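Biologist: Thanks for sitting down with me. Could you walk me through this model and the reasoning behind its labels?

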Amino acid sequence: VFATLWTGLVTIAYTIYAQSVGQKSVDAVAANLIYTVQPVYTSIIAWFLLGERLGPEGYVGSTIIACAVFLASSSPSPEPRQ
């Protein structure tokens, strides 16, 4: 019963609430980049807390994500439409 409550209240309800509150303080592009890098953060936290290790595909995927975020964040922003 505790696991079901934890899953429902913390990992679903709280994260949706925190996401909606956090999105109010950043623009849409920054929010998208933050959510894009989430799998990389998750793998780092899993390594640190649980001792999990990535396979070769995981390293390749993380590198692709990191490069994509770097390219997207370093390119000039388009002019706003009028």
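Biologist: What is the mean pLDDT of the protein chain?

Modeller: The mean is 83, and 95% of the residues reach 70 or more; pLDDT is the predictor's confidence in each residue, from 0 to 100. This is a predicted model, in which local features need pLDDT of at least 70, side-chain atom pairs count only at pLDDT 80 or more, and totals for chains, interfaces and linings use all residues. Residues are numbered from 1 along each chain as its sequence is written, and side-chain values use heavy atoms, with hydrogens and water left out.

Biologist: Which elements have the lowest and highest mean pLDDT?

Modeller: Helix H2 (residues 28–36) has the lowest, at 81, and helix H4 (residues 56–74) the highest, at 86.

Biologist: What makes the pattern α-α-α-α?

Modeller: The chain has four helices and zero strands, where helices (H or I, at least four residues) and strands (E, at least two) are DSSP runs numbered from the N terminus.

Biologist: Why is the chain called more spread out than a compact globule?

Modeller: Its radius of gyration, taken over C-alpha atoms, is 17 Å, well over the 12 Å that the globule rule gives for 82 residues, so the label follows. That rule is 2.2 Å times the number of residues to the power 0.38.

Biologist: Why does glycine 8 count as partly exposed?

Modeller: Its relative accessibility is 31%, and partly exposed lies between buried (under 20% relative accessible area) and exposed (over 50%), with a 1.4 Å probe and protein chains only. Glycine 8 is found in helix H1 (residues 2–23).
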